[in-house]
Amino acid sequence: MAGNDEEEQGKRLEGLVVGFTTPAHYAASLRDGLEMVGARPLWCPTIVVESTLETQAEVGASIWGSDSSTSAAAGISALDRHKGVAFTSRAGIRAFAEALKGRGNPLGDAGGAFLLGALGKDAELLHELGLLRSNSRARVVVPTVASPDALIEAFGEGKGQSLLCPVPLVIGLEEPPVVPNFLQGLRSKGWNAVRVNAYVTKWLGEQCAEPLFNSSKCLDGFRNVDALIFTSTAELEGLVKSLRALGQDMSFLRRQCVLAAHGPVTAKGAARLGVEVDVVGEQFQSFQGIIDALVAYFRSRSSSSIKI
C-alpha cells in the first residue's frame, strides 16, 4: 500500500504536457523536476544566456583591472578595492568563476571580510570561485528569501563601500526593472553599487515560440499544452514578441493552458506585460516551488470537478 502511495505521489502531473521557456543552463533542472511528478515536459526556450568576448573582458577588468592578464600575472587585483560581490544569478557566478580559472586568488590576505552574496541554491555554486577555499576573508551572504530585495537587506548598510554587481546585458528585449531596482536599492543603503555586465540575455528571435504549435507553419493552432512555466520576465517577453511575429497572441494561449510564474518577481513582470498568470510559485529558492504550486493547482481543480 505504501509503495502505491509513493508511486501516486510521484505522478501528480501524470500525462500533463507542461511547457517551459527556461534558457538552456536551467532547462535540465526544471525538466527533471517535471518528469519526477509524471509530467511530459515541452521545452520552448525564448532567450539565450551566454558570455561574450566583451562581457568576459568586463568581468576580467572588474577583478584584475583594465589590463587583466598583466595584473593577474603580477598578482595585482582590482577586487580588493571592493567590499564584496552581489550575485543575483547563477550565470553571474559562472562568469566570475571562468574569469578566475587558473589565475590564483585575487584577494589579498589583509583587510576585513569580503562578502559574497547569492540567492537560494545559487549559493552552492560559490565554491567554484575558489575564494571560499583559498581565502579566510570570504564570507557568504544568503538571504532567507531568495529575492533581490532580501539580498539588499542581507548586505545591510554600505557606508560608502563598493560592491560589484554582475548583471546581464539585455539584447533584443527591454531590460526588466529588477536590475536597475536592485542597483538603486543597494545605493539607497549606502553602497557604491558597481554594475558589471557579466553576460548577455538575448532574445532567440521570431521563431522561438514554434515548439508550442502543431506545425511549423503556426496555422494549425497550438499543441495540447496543459501548462506553461516561465521563470523570468525576459522569457515571457521573448514569448510574447515571438507570438506576435507569428500572427498569434497570448490571449489564445492563456485560454488553452495554465500560465505559471516562478516567484512573485516574475509574476509582477508578467502583469507589467499585460499577462495574467494562474499560478505563482511562492517558494522560489528552487524550481521545486513552482512545480509544487502547479501540482497543488491541478489537484485543487480536480477536486472541484469531482465535487461538481
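Two strands are said to pair if DSSP finds at least two bridges between them. The legends below apply this term to a predicted model.

**View 1. Strand 3 and strand 8 at one side of the open sheet.** Strand 3 and strand 8 (residues 192-203) pair over four bridges, in the antiparallel sense. Within this pair, E50 of strand 3 (47-50) stands opposite V200 in strand 8.

**View 2. The open sheet of six strands.** The strands follow the order 3-8-7-4-5-6, and their pairing is mixed. Strand 3 (47-50) and strand 6 (138-141) form the edges, each pairing on one side only. From one strand to the next, the twist averages 30°.

**View 3. Two helices that lie across strands of the sheet.** Helix 8 (residues 178-188) lies across strand 4 (84-86), strand 7 (162-171) and strand 8. The angle between helix 8 and strand 7 is about 165°. Helix 9 (residues 233-245) lies across strand 3 and strand 8, and runs at about 35° to strand 8.

**View 4. Helix 2 (residues 24-36) and its buried face.** At 1.5 Å a residue, the 13 residues of helix 2 should span 18 Å; the end C-alpha atoms are 19 Å apart, which agrees. The buried residues of this helix are Y26, A27, L30, G33 and L34. Seen down the helix axis, these buried residues fall within an arc of 140°, so they line one face of helix 2. An α-helix has 3.6 residues a turn, so residues three or four places apart point the same way. On the other side of helix 2, A24 and M36 are exposed.

**View 5. The residue G38, following helix 2.** The phi of G38 is positive, near 85°.

Note on methods:
Residues numbered from 1 in each chain as written. Predicted model: local features only at pLDDT ≥ 70, side-chain atom pairs only at ≥ 80, totals over all residues. Heavy atoms only, no water. Expected span 1.5 Å × (residues − 1). Buried < 20%, exposed > 50% of the residue type's maximum accessible area, 1.4 Å probe, protein only. Arc of directions from axis to C-beta. Axes fitted to C-alpha atoms, helices over the stretch in contact; angles between N-to-C directions. Contact = heavy atoms within 4.5 Å.
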